[in-house]
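Please load the model in a viewer and keep the selection tool at hand. The tour below proceeds from one selection to the next.

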Amino acid sequence: MGDPIQTGTEPTRYAVGIATLLGGIVLGLGLVFGMAAGVGAIWSSVTASATPSASSSSGGAAPNGASGSAAASNTGMSSMNQSGASSATGSAPAAGAASAGAVQDVSLVVDPPPLGGRKGPDGHVYDAFVPATFSMKVGVTVKVTVLNYDTLPHTWTSPGLGVNTMVPAGSSTSPSRTTFTIHPTKAGTFSWYCATPCDSFAMKTNGFMRGTVTVTA
Ligand SMILES: [Cu+2]
């Protein structure tokens with residue numbers, strides 16, 4: 001009773017064993033090939049993503065054909081967007097400067113040549129900031145540049161505008177150059193003066209070493 005079953009099962013066992021073995025080999029080969037395919041896919045994706053970036057960085061704008069596929073077209077799009085964005089930001093400051101961060105440039109000259117100053121009512125030449133009177137607007141930052149052709153230092157001092165700037169000595173051939181900024185926050189007329197003892201007439205006379213700034217709304 002047992003034998004026929006045993007003899008009958010022997011070939012079956014072999015068959016099952018061989019089938020299992022073959023299956024295992026096939027499975028193993030499948031795994032090996034699958035892994036190889038996976039590694040290949042990863043490698044190809046790496047090279048595919050590396051190639052378009054290299055070509056875009058070198059400035060090659062020509063599309064890499066169909067081989068680049070999605071990665072290449074994405075890279076192409078992003079590089080196009082970047083160049084588009086950079087050109088947009090390049091023009092943005094110029095457009096934005098007029099509205100938001102407006103800046104006004106003012107140039108002042110101390111004792112400008114050839115006179116080396118400004119003529120007073122008596123015909124003599126006195127120390128002077130030229131111009132001594134100018135205007136600005138509330139909210140518009142003013143960048144002031146002072147060239148001093150005098151061999152004495154002066155100051156441009158205006159408590160109302162929050163400025164007290166030292167202007168170093170220069171010379172008629174090589175003026176000192178000083179810059180400062182004013183941020184006008186309220187409208188009005190603000191006086192300024194030179195605080196260093198220089199020219200007694202000029203220091204007490206508007207249009208020479210003192211003057212006014214008009215801030216308009
Ligand atoms: Cu002075």
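**Starting point: Val213**

Select Val213 first: beyond its neighbours within four places in sequence, this residue is in contact with Phe134, Ser135, Met136, Ser158, Leu161, Phe190 and Trp192. Please bear in mind throughout that the model is predicted.

**The nonpolar core**

Extend the selection to the largest nonpolar core, which has 23 residues. Val213 is among the members that touch the most others, together with Ala128, Phe129, Phe208 and Met209. Now colour β1 (103–110), β6 (141–148), β10 (188–193) and β11 (210–216), the elements that each contribute two or more residues to this core. The greatest contribution is that of β10, with three residues.

**The whole chain**

Zoom out to the full protein, whose secondary structure consists of three helices and eleven strands. Followed along the sequence, the pattern reads α-α-β-β-β-β-β-β-β-β-β-β-α-β. Of the 217 residues, 18% count as buried. Among contacts with a separation of 6 or more, 54% link residues 24 or more positions apart.

**The four-stranded open sheet**

Next, display the open sheet with the order β4-β1-β6-β9, in which the pairing is mixed. The edges are formed by β4 (129–130) and β9 (176–182); each has a single partner strand, so one side of each is without a neighbour in the sheet. At one of these edges, β1 and β4 run antiparallel and are joined by two bridges. Select Val109 to find its bridge partner in β4, Val130.

Val130 also leads to a backbone feature: its peptide bond to Pro131 is cis, with omega about 0 degrees. Pro131 itself lies in the loop between β4 and β5 (134–137).

**The loop between β1 and β2**

Move to the loop between β1 and β2 (118–119), where Pro114 is found. The peptide bond from Pro113 to Pro114 is likewise cis, with omega near 5 degrees. In the loop between these two strands, select Asp111 as well. Is this residue buried or exposed? Asp111 is buried, because 27 other C-beta atoms lie within 10 Å. Although not a glycine, Asp111 has a positive phi of about 50 degrees. For context, most residues other than glycine have a negative phi, and most peptide bonds are trans.

**The β7–β8 hairpin**

Finally, select residues 154–158 and 163–167, strands β7 and β8, which pair in the antiparallel sense over five bridges. Thr157 has Asn164 in β8 as its bridge partner. Four residues lie between the strands of this hairpin, and Gly162 takes a positive phi near 70 degrees.

Terms used. Residues numbered from 1 in each chain as written. Predicted model: local features only at pLDDT ≥ 70, side-chain atom pairs only at ≥ 80, totals over all residues. Core = buried A, V, L, I, M, F, W, Y, C linked by C-beta atoms within 7 Å. Buried ≥ 20, exposed ≤ 12 C-beta atoms within 10 Å, placed from the backbone. Contact = placed C-beta atoms within 7 Å. Pairing = 2+ DSSP bridges.
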